[in-house]
Amino acid sequence: MRRVGYSVSPERGDGSHYMLLHSERSSLTVPQTISRGLLSKLIRDAGLSRDEFLNLL
């Protein structure tokens, strides 16, 4: 997500989650362990298509 402008919040969220911030998109709360379904949701919430996300890897 860093490649599309997200950064980890200094507050970081609670112990098991990260808060990712973006200047133009909504923030994302991400647990340390991510299931396939949650990853798909985070990609959509970040405004990316599956192909756009895969091209960033």
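In which sense do β2 and β3 pair, and over how many bridges? The two strands pair in the antiparallel sense, over four bridges. Please keep in mind throughout that the model before us is predicted.

Let me begin with the sheet. Three strands form an open sheet, and their order is β1-β2-β3, with antiparallel pairing. The edge strands are β1 and β3, each of which pairs on one side only. For those who are new to the subject, strands of a sheet pair through backbone hydrogen bonds, and the pairing may be parallel or antiparallel.

Now to the individual pairings. Strand β1 covers residues 7-8 and strand β2 covers residues 17-21; between them there are two bridges, again in the antiparallel sense. On this side of the sheet, Val8 has Leu20 in β2 as its bridge partner. Turning to the pairing of β2 with β3, we find that Tyr18 has Val30 in β3 as its bridge partner. Leu20 stands opposite Leu28 in β3. The connection from β2 to β3 is a hairpin, which runs through six residues.

Next, I draw your attention to the loop between β1 and β2, where Ser9 lies. Is Ser9 buried or exposed? Ser9 has a relative accessible area of 5% and, because buried means under 20%, it counts as buried. If we leave aside neighbours within four places in sequence, Ser9 is in contact with Met19 and Leu21.

I turn now to the interior. Which residues make up the largest nonpolar core? There are ten: Val4, Tyr6, Leu20, Leu28, Val30, Leu42, Ile43, Ala46, Leu48 and Phe53. Two elements, β3 (28-31) and α1 (36-45), give two or more residues each to this core. As a general point, nonpolar side chains in soluble globular proteins tend to be buried together.

Two members of the core deserve a closer look. Ala46, leaving aside its neighbours within four places in sequence, is in contact with Met1, Tyr6, Arg25 and Leu28. Leu48 lies in the loop between α1 and α2. Its relative accessible area is 11%, so Leu48 is buried. Not counting residues up to four places away in sequence, Leu48 touches Met1, Val4, Arg25, Ile43, Phe53 and Leu56. Consider Val4 in particular: Leu48 and Val4 are 44 residues apart in sequence, yet they are 9.2 Å apart in space, C-alpha to C-alpha.

Finally, I come to the largest pocket. How much space lies in it? The value is about 160 Å³. The pocket is lined by Arg36, Leu39, Ser40, Ile43, Arg44, Leu48, Ser49, Arg50, Phe53 and Leu54. The elements that give two or more residues to this lining are α1 and α2 (50-56). Of the elements, α1 gives the most, with five residues. By class, the lining has five nonpolar, two polar and three charged residues.

To close, I would point to Leu48 once more. Leu48 is one of the residues of the largest nonpolar core, and Leu48 is also among the residues that line the largest pocket.

Note on methods: Residues numbered from 1 in each chain as written. Predicted model: local features only at pLDDT ≥ 70, side-chain atom pairs only at ≥ 80, totals over all residues. Heavy atoms only, no water. Core = buried A, V, L, I, M, F, W, Y, C linked by side-chain atoms within 4.5 Å. Buried < 20%, exposed > 50% of the residue type's maximum accessible area, 1.4 Å probe, protein only. Contact = heavy atoms within 4.5 Å. Pairing = 2+ DSSP bridges. 1 Å grid on protein atoms, 1.4 Å probe; cavity = no way out; pocket = protein on both sides within 12 Å on 5 of 7 lines; lining within 4 Å. Points joined across faces, edges and corners; volume = space filled by probe spheres on them. Nonpolar A, V, L, I, M, F, W, Y, C, P; charged D, E, K, R; others polar.
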